[in-house]
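Student: I have a model open and would like to learn how to read it. Could you take me through it feature by feature?

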2 protein chains.
Amino acid sequence: MIDVALLGTGGMVPLPNRFLTALYCRIKGRYILIDCGEGTQIALNILGWGIKNLDVICFTHFHADHISGLPGLLLTLGNSGRTEKIYIIGPNGIKKIIRSLCVIAPEIPFEIKIFEQDDLQQNFFKFENQDFIINFLPVEHSIACLAYNIFLPRRGKFNLKKATDLKIPKKLWSVLQSGKKVLHNGRIFLPKDVLGEDRPGIKISYCTDTRPINDLINFVYDSDLFICEGIYGDENKKDKAISKKHMIFSEAANLAKKSHSKELWLTHFSPAMPDPKNYLDHAKNIFENTVIPHDGMYKKFIFRN
Amino acid sequence: MIDVALLGTGGMVPLPNRFLTALYCRIKGRYILIDCGEGTQIALNILGWGIKNLDVICFTHFHADHISGLPGLLLTLGNSGRTEKIYIIGPNGIKKIIRSLCVIAPEIPFEIKIFEQDDLQQNFFKFENQDFIINFLPVEHSIACLAYNIFLPRRGKFNLKKATDLKIPKKLWSVLQSGKKVLHNGRIFLPKDVLGEDRPGIKISYCTDTRPINDLINFVYDSDLFICEGIYGDENKKDKAISKKHMIFSEAANLAKKSHSKELWLTHFSPAMPDPKNYLDHAKNIFENTVIPHDGMYKKFIFRN
């Protein structure tokens, strides 16, 4: 199960009724934040899920509207009594950027462990004791930028035939089924010895700010939720979107369609577009299950049957 | 005339209904901002006075809740088409801090001219073509911190006797009265040749975060409006305020009383104090004209008769 909240839907400038785009995910009581622009901690406060168990902050890129809220959030975390280490992931150069930003937050009472893209050669990040995986993909913006997906895998069903064929003692079945390996009478048993093939997991993809490059189709493929920028809805603004290395609603919808995503939430709306709903049809004509979310919109995603 | 708006009343953390403390002043169509924490540009947007003619940003100190909104505001100013130079004033070290913060706002299309405390040996700042003066005073916080006042002087009344005694040609009177000096038939005439003594100007003082040091009494003396921090209202929290180098309502009220200020607005409330009005009497018992402002509260100050 993954709880997903889109903290804001704005791009470039925080507005009175539109916070900057950022994603908050809850998986088994732990939290992941993607992007943290000015005001994100106010949006987190309104959401009310708490920030104490925030483990990872991922950054798409280093434009102020995606990162300037970091020093304030780190200080608030510190003031809340946090002492646990926090992880930060971002494009190459993020260590230097964070060192620079944190001149105004010098007294953080917990360790910050930062991974740049090149530190994670396989383009993913995984905690040792957590199931979920954070994958990233370099995309095409005016500066280095990453798209992310969060994937929670699901083990296969218990396979009685395998378990009995392999003569696995019955008392080990439930432990193996829970995903742990067992050493028993000098023999090692693995979860796959009692399980069928992995079943579809939950996949949440988040993509801003970029042109709709082809690599995104594979990266986003089969997402339960695809959150994607749509800076403009108006088709006539495509050239402007191209020049600024963004995309318009119809381009996001095409990505959703080609990637066989289940649901598309548009975001990162230009401040020059007061009502994105006026352009919703431009996306729906291509990908029916498109949503113009409101700030703080959240949804629970469970494993498919 | 000075229009004054208190953009927020919060300290430390921006809250859903309480922006961080910052002051916005309008004098003859030009603007001065003091402090710019996370969310200040949202509060400016709500206020609706515009930011195009913002000339000076003053910083009390470099804690995130007073400065982290700067990169976003500078970018928004840039996107609004501004090309005029902007001035920044702050404690020593501010040049380095701003260089660090602006790694996430690398493309600012206007010049930023920064004055540190030591660059302004007289402890004030004045534009060549503007009447108002920005004065500052080092105060006592956990890091270097400045209090500010903005002073708009008022010339004396026209003095007919002086003008005729000094045989000043009648056609020069109005120019001299407007504050300009005149060279006429090889002789220089000064405004003071036709004016009486300066009359009381308008003085707006702003003071956060500090202990109530004695120097503040002189600095704030005879303010039309004294905006002062009161992190806690509860008298029992005085020790906590002392340890954090802040002040409580009664201490701010004592400063207002001793400085013969006309009006006191408390601000920079702790997030642990949901309703500062509960403690208003603690200040009013000492200084009657104390106000607990709401975010965005504004008032016009005109010359006294």
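Tutor: We'll go through the symmetry, the interface, a sheet, a helix and the core.

Tutor: First, some housekeeping. This is a predicted model, so to speak of local features we need pLDDT of at least 70, side-chain atom pairs count only at pLDDT 80 or more, and totals for chains, interfaces and linings use all residues. Residues are numbered from 1 along each chain as its sequence is written, while chains are lettered from A and ligands numbered from 1 in the order in which they are written.

Student: How is chain B laid on chain A?

Tutor: Two copies of a chain are related by a rotation about an axis and a shift along it. Here a turn of 180 degrees with a shift of 0.0 Å along the axis lays chain B on chain A with an RMSD of 0.1 Å. That is the relation of a two-fold axis. The superposition is by least squares on the C-alpha atoms of residues with pLDDT of at least 70 in both copies. Both copies use the same surface, as 100% of the contact residues of chain B recur in chain A.

Student: How many residues does the contact take from each chain?

Tutor: The contact takes 29 residues from chain A and 29 residues from chain B; two residues are in contact if their C-beta atoms, placed from the backbone, lie within 7 Å. On chain B, helices H1 (40–47), H2 (64–67), H3 (70–79) and H4 (94–101) each supply at least two residues of the side that touches chain A. H3(B) gives the most, with five residues. Helices (H or I, at least four residues) and strands (E, at least two) are DSSP runs, numbered from the N terminus.

Student: What does Ile46(B) touch, leaving aside its neighbours within four places in sequence?

Tutor: Ile46(B) lies in helix H1 of chain B, and its contacts are Pro16(A) and Gly296(B). With 15 C-beta neighbours inside 10 Å, Ile46(B) counts as partly exposed. The scale, with C-beta atoms placed from the backbone, is: buried if 20 or more other C-beta atoms lie within 10 Å of a residue's own, exposed if 12 or fewer, partly exposed in between.

Student: In what order do the strands of the open sheet of chain A run?

Tutor: Strands of a sheet pair through backbone hydrogen bonds, either parallel or antiparallel. In chain A, seven strands go E7-E8-E9-E12-E13-E14-E15, with mixed pairing; two strands pair if DSSP finds at least two bridges between them. E7 (124–126) and E15 (290–291) of chain A are the edge strands, each pairing on one side only. E7(A) and E8(A) (residues 133–138) run antiparallel and are joined by three bridges, and Phe125(A) has Ile134(A) as its bridge partner. Over in chain B, E7(B) and E8(B) form a hairpin with six residues between them.

Student: Which residues of H9(B) are buried?

Tutor: Phe249(B), Ser250(B), Glu251(B), Ala252(B), Ala253(B), Leu255(B) and Ala256(B). That makes seven of the ten residues of H9(B) (residues 249–258), so the helix is largely enclosed by the rest of the structure. Among the elements its buried residues pack against are helix H7 (215–220) and strand E13 (225–229) of chain B. After H9(B) comes His260(B), with a positive phi near 55 degrees.

Student: Which residues touch the most other members of the largest nonpolar core?

Tutor: A nonpolar core is a set of buried Ala, Val, Leu, Ile, Met, Phe, Trp, Tyr and Cys residues joined through C-beta atoms within 7 Å. The largest has 168 residues, and those touching the most other members include Leu23(A), Cys25(A), Leu23(B) and Ala252(B). Contacts of Leu23(B) include Val4(B), Ile34(B), Tyr206(B) and Ile227(B).
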